[in-house]
Amino acid sequence: MTKMKRRTFVGLAAATTTALSMPSIAFGALPRVVVIGGGAGGATAAKYIAKDSKGAIDVTLVEASKRYYTCFFSNLYLGDFRAYGSIGHNYYGLAVNHGVNMVHEWALSVNNAAKKVNLGSGESISYDKLVISPGIDLKFESVNGYSAEAQSKMPHAWKSGTQVQLLKNQVKGMKKGGTFVMVPPPNPYRCPPGPYERVSMIAHQFKKSNPTAKIVILDPKNKFSKQGLFMEGWQKHYPGMIEWISAETHGGIKKINAATMEFETDLDTFKADAASVVPAQKAGRIAMNAGVNNGDWCPIVPASMQAQADENIYVLGDASIAKSMPKSGFSANSQAKVAANHIRGSLTGSKVFTPRFANTCWSLVATNDGIKVGANYKATNEKIDKTSGFISKTGEDSNLRKATYEESIGWYSGITSDMFS
Amino acid sequence: MINKSYADQKQLVGADVDYGEHLFGECVTCHNSTGLGQGIPKITGMKTSQFITKILAYKTKEKENAVMQMVAERLGEEEINSLALYLSKLK
Ligand SMILES: Cc1cc2nc3c(=O)[nH]c(=O)nc-3n(C[C@H](O)[C@H](O)[C@H](O)COP(=O)(O)OP(=O)(O)OC[C@H]3O[C@@H](n4cnc5c(N)ncnc54)[C@H](O)[C@@H]3O)c2cc1C
């Protein structure tokens, strides 16, 4: 029997019980879940709702792109540890193995009262429950002088894809002995260790082909994730190449000029030969449109990931305020499973389990030098609270660091298969 | 306190296969669900007793690995047995 046949059969059987227990849903029609955004949160949610409901829920995933390039491991691509093609994934598995209805379009707006999502094509789709996992939008204006136009001179490369390819090209083409300037974002942002892993991978490139190059980090913060571990690694692998300048020291970035590649601070004006500027961030626009945000991000109910503003909408991943969880792909995947279980429970009466959240973020500092930080979390009334955690230690032996790097390769293969196959 | 000897018991006390399937979602973020064992060992097809012994070794921190120690730390008897039951039903 093919997967579709089985699905239709089970679906019809389940629809009868659903119609009896859920009077608001027309007889014979399956409950409908629409997911906006096919990234770490949305792809996982769509898959688990479809897979675990075994055809009892109709799942549609609205994702603008036909191919998803992960931000995770995009830094490894910068360092030549991954090929570009290996970080791209399609939605074949979701459509074929799990019967998810893939709609490759932009969701333009949400009509909360009518429970409809309006698409770029003018079509609309109805939902009983809506999942929003759109990732981030960039606040270009947060760095004076940065803009959508300037992004090709100073790529942010914070949504993966072409921007990362461009950045790599600029790093490789930078003049010998030149200066690369990295501007990390202010908190809160997607992937706290990401900018510093990026610096490590660019330093790794320079060490091979441009050893007299310099990297200057103009940070809007006074400290950063895994700081001790990164600093130790930079000293060990790239001595004298990387200078991290805290906000306190440079006094703030007053203005940048993409034409002259200048960065003006209180301390000095820095001239770059290549640069990456990652501005402040906010939840993807569709979340604002659905009215589930409070300012830049979306407050959620910790036990279910439901939006505080609308119980029929769930917000996952970077767009949500899931503190104390960091904005990571691992977190988004973990939150998606909690939401999927809750959604199935409310639509089909299946068991709803106590939510369990977890996160681990691996970073690569140099060849075979991996580090990691992780934590378990539980839902309280106020937040997603950390219950225990760990972080790699400075001075660890090289075998452990190598094993940590290899573990990250396993994780990448695990999470992408969990999302897409 | 979890007693190691229950790894040998035939009865998986408190085991619930649906709960096991749900908990398994936490494993497959890292352990490739299609069984590829690259960088992280494959767990599909693992024997019940083998699974329980390993998890307990992480729980008591006899076996090293920060992530697995953290995962095992919050698995109680009911969770471990449910996972074991679910795993035993996977090919
Ligand atoms: C350099 C870098 C390195 C990173 N490394 C790691 C790492 O090692 N580990 C880790 O766990 N995380 C890492 N991350 C973080 C991780 O990428 C994000 O936290 C994760 O992708 C968030 O998932 P999400 O579902 O919220 O958003 P995304 O994964 O960004 O998915 C959002 C999707 O929604 C789509 N979309 C948005 N709006 C619409 C709309 N209106 N209509 C249709 N489609 C829409 C987008 O096209 C996109 O595909 C890294 C990030 C960066 C930038």
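How many residues of chain A are in contact with how many residues of chain B? I looked this up at the start and found 28 residues of chain A in contact with 21 residues of chain B, where contact means that the C-beta atoms, placed from the backbone, lie within 7 Å.

Before going on, I note that this is a predicted model, in which local features need pLDDT of at least 70 and side-chain atom pairs count only at pLDDT 80 or more, while totals for chains, interfaces and linings use all residues. Residues are numbered from 1 along each chain as its sequence is written, and chains are lettered from A and ligands numbered from 1 in the order in which they are written.

Entry on the chain interface. I then asked which element gives the most to the side of chain A that touches chain B, and it is helix 11 of chain A, with ten residues; helices (H or I, at least four residues) and strands (E, at least two) are DSSP runs numbered from the N terminus. By class, I recorded eight nonpolar, 13 polar and seven charged residues on that side, with Ala, Val, Leu, Ile, Met, Phe, Trp, Tyr, Cys and Pro counted as nonpolar, Asp, Glu, Lys and Arg as charged, and the others, Gly among them, as polar.

Entry on the domains. Chain A is assigned domain 1 (3–76 + 87–135 + 284–352) and domain 2 (141–279), with bounds from an automatic or database domain assignment. I found their C-alpha centres 35 Å apart, and the contact takes ten residues from domain 1 of chain A and 14 residues from domain 2 of chain A. Helix 3 (residues 74–78) of chain A supplies three residues, the largest share of the domain 1 side.

Entry on the ligand. I counted 39 residues around the ligand, the closest being Gly37(A), Gly39(A), Gly41(A), Gly135(A) and Gly317(A); a residue is near when its C-beta atom, placed from the backbone, lies within 6 Å. This shell divides into 19 nonpolar, 15 polar and five charged residues, and domain 1 and domain 2 of chain A each give at least three residues to the shell.

Entry on strand 1. In strand 1 (residues 32–36) of chain A, four of the five residues are buried, that is, 20 or more other C-beta atoms, placed from the backbone, lie within 10 Å of their own. Strand 1 of chain A pairs in the parallel sense with strand 2 (residues 58–62) of chain A over five bridges, pairing requiring at least two DSSP bridges, and I saw that Val34(A) stands opposite Thr60(A).

Technical notes. Two residues are in contact if their C-beta atoms, placed from the backbone, lie within 7 Å. A residue is buried if 20 or more other C-beta atoms lie within 10 Å of its own, exposed if 12 or fewer, and partly exposed in between; C-beta atoms are placed from the backbone.
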